[in-house]
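Please open the structure in your viewer, with a cartoon for the chain and sticks ready for selected side chains. The stops below each name a selection and then say what is to be found there.

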Amino acid sequence: MKQNRKKRLFIKTYGCQMNVYDSARMADVLAPLGYAPADSPRGADMVILNTCHIREKASEKVFSELGRLRAFKEERRAAGGEMVLAVAGCVAQAEGDEILRRAPQVDLVFGPQTYHRLPEMVVRAARAGGHLDIDFPVESKFDHLPEESADPGAAAFLSIQEGCDKFCSFCVVPYTRGAEFSRPVAAVLAEARRLAAAGAQEITLLGQNVNAYHGEAADGGTWGLGRLLRAVAEIEGVTRLRYTTSHPRDMDDALIAAHGEDPKVMPYLHLPVQSGSDRVLAAMNRQHSADDYLRIVDRLRLARPDIALSSDFIVGFPGETDADFAATLRLVTEVGYAQAYSFKYSPRPGTPAAVEADQVPEEVKTERLAALQQLLGAQAMAFNRACVGKTLPVLLERPGRKAGQLVGRSPYMQSVHVPVSSVGQGRLTGALLDVAIEGATANSLSGRLVMAEDLIAEDRRASKAVAAAVDSLAEGPAQAPASARISA
Ligand code: 5AD
Ligand code: SF4
């Protein structure tokens, strides 16, 4: 009798968390066809590269990876098998034809909005080879995806919004991900409930412009992100909420208030500013000034004084002068970031800034990036050092790289490494526990679990003190310590 062998699926994900989410959903779409996750592309029945097009380096990586995969595909064919090779994501969307031309080993190319059609694409590629699907279909993929099948883990992502209508002059997203779209409230809440029921305590709501969210609600109205966060916070089992990535222009009052009023909304926000120069911000079409951004930061800190801020920066945008760059350094100094990402401007085909005449020389970009990263690195180090000596609740998500370690996140999004016993490693994964922070680097914290034993020992010490106080009361009231007088 013929055995129904499980087919092995390997997905390599580049770029942002939206791609991480999409990759998981591609696996969900392919599961009914018998595909199960594999750890390596070698010997896999299907390999998907879920690509990123945001900067030049990100797309270059795809072509070099395709070269490596061709060898695996040939190896598999020589062994009498087949490997379906697919390129997905934003490079696929932007350069689909070119991929098929330059890399004939590729069977399938599809964009971020069409992967719900994967089953039919696989069949078509098997018949004709070189199938391309980079539509922006009228139907939403979300209405056609199966329910999530994988274990979401303790911290899960949930895509609520996609695409972008802002057209920053450096950015490919509006072209690769398409127009802004928000999932309806009911669909988001249903997915959040399923994630919580499957064990996710922390949910990060995702979108390219997540705070531009305006989802249709059952009452016919439209909800913004602030209202949505509060509704997700009410779901049983959800203890922590985050959202990313935001645009300063969409930080409305309700969203800022949610940071102050709902303790489940974590005190951390990634709010890209890109530059501190008004001239550059205008040329980038960001539609706000440096001062507008600083006022938003003030309001956030008023609502939630301990909020940790993160940002994205681009150096060497066309026309950026030394004075413009100095303004960026000033803004960074004024805000004080807990963490940040910074990039050299990379001209992207089809974007307005790419054809600007006054491109900044590479050496200048390199110098500015180094100076900015030094400042941001020092701020991150200072922020992390200030946590040493504090006890922070950490959601322990997974084993660390070193044996006997779990890694989780603090409320401020720092990675925290915690030593645990081999028994504890299994039992404590997924737990939200207090950690006494003992060490800090620019990228992470380390600490010790404040476990029940500590609490019991503390409790014992306290009851001994009470017993001693009661004894001494019996001997005479004059010696009663302050701690025993409460019962008098
Ligand atoms: N060059 C450099 N950085 C870019 N980013 C987006 N497009 C470009 C580009 N063309 C950065 C921005 C954005 C982050 C995701 O990537 O800082 O916020
Ligand atoms: Fe790109 Fe600007 Fe849209 Fe962000 S807001 S995705 S940077 S166009």
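Begin by selecting strand β3 (residues 46–51) together with β4, which pair in the parallel sense over five bridges; here two strands pair if DSSP finds at least two bridges between them, while helices (H or I, at least four residues) and strands (E, at least two) are DSSP runs numbered from the N terminus. Within this pairing, look at Val47, whose bridge partner in β4 is Leu85.

Before moving on, note that this is a predicted model, in which local features need pLDDT of at least 70 and side-chain atom pairs count only at pLDDT 80 or more, whereas totals for chains, interfaces and linings use all residues. Residues are numbered from 1 along each chain as its sequence is written, chains are lettered from A and ligands numbered from 1 in the order in which they are written, and side-chain values use heavy atoms, with hydrogens and water left out.

**Around β4**

Add helix α2 (residues 56–78) to the selection, and the right-handed β-α-β unit that it makes with β3 and β4 can be followed; a crossover is called right-handed if, with the strands pointing away from the viewer, the path from the first strand over the helix to the second runs clockwise. Then add strand β5 (residues 108–110), which runs parallel to β4 and is joined to it by two bridges, with Ala86 standing opposite Leu108 in β5. The chain crosses from β4 to β5 through helix α3 (residues 89–102), and this β-α-β crossover is right-handed as well.

Now show the side chains of β4 itself (residues 84–88), of whose five residues five are buried, where buried means under 20% relative accessible area, exposed over 50% and partly exposed in between (1.4 Å probe, protein chains only). Which residues lie on each face of β4? Val84, Ala86 and Ala88 are on one side and Leu85 and Val87 on the other, and both faces are covered.

Select Glu82 next, in the loop between α2 and β4, which counts as partly exposed because its relative accessibility is 45%. Leaving out residues up to four places away in sequence, Glu82 touches Ala44, Asp45, Arg76 and Arg77, contact being taken as heavy atoms within 4.5 Å. If you draw a distance from the C-alpha atom of Glu82 to that of Lys344, 262 residues apart along the chain, the viewer should give 40 Å.

**The nonpolar cores**

Select Leu205, Leu225, Leu228 and Tyr337, the residues with the most contacts inside the largest nonpolar core, which has 52 residues; such a core is a set of buried Ala, Val, Leu, Ile, Met, Phe, Trp, Tyr and Cys residues joined through side-chain atoms within 4.5 Å. Apart from it lies another core, of 23 residues, among them Tyr21, Tyr115, Val122 and Leu145. Returning to Leu228, and leaving aside its neighbours within four places in sequence, you will find it in contact with Ile160, Val185, Val188, Leu189, Leu205, Tyr213 and Trp223.

**Ligand 2**

Centre the view on ligand 2, which is surrounded by Cys164, Lys166, Phe167, Cys168, Phe170, Cys171, Val173, Pro174, Asn209, His247 and Arg286, each having a heavy atom within 4 Å of it. By class, this shell has seven nonpolar, two polar and two charged residues; Ala, Val, Leu, Ile, Met, Phe, Trp, Tyr, Cys and Pro count as nonpolar, Asp, Glu, Lys and Arg as charged, and the others, Gly among them, as polar.

**Backbone details**

Select Thr244 and Thr245, which are joined by a cis peptide bond with omega about 0°; Thr245 is found in the loop between β13 (240–244) and α8 (253–261). Asn285, in the loop between α9 (278–283) and α10 (290–303), is not a glycine, yet its phi is positive, near 60°. Met413, in the loop between β18 (405–409) and β19 (415–419), also has a positive phi, of about 75°, and Met413 is buried because its relative accessible area is 18%.

Finish in strand β18 with Gly408, whose C-alpha atom is 4.9 Å from that of Glu397, 11 residues away in sequence.

**Zooming out**

With the whole protein displayed, 14 helices and 21 strands can be traced, and the C-alpha trace spans about 95 × 70 × 50 Å along its principal axes. Of its 488 residues, 51% count as buried.
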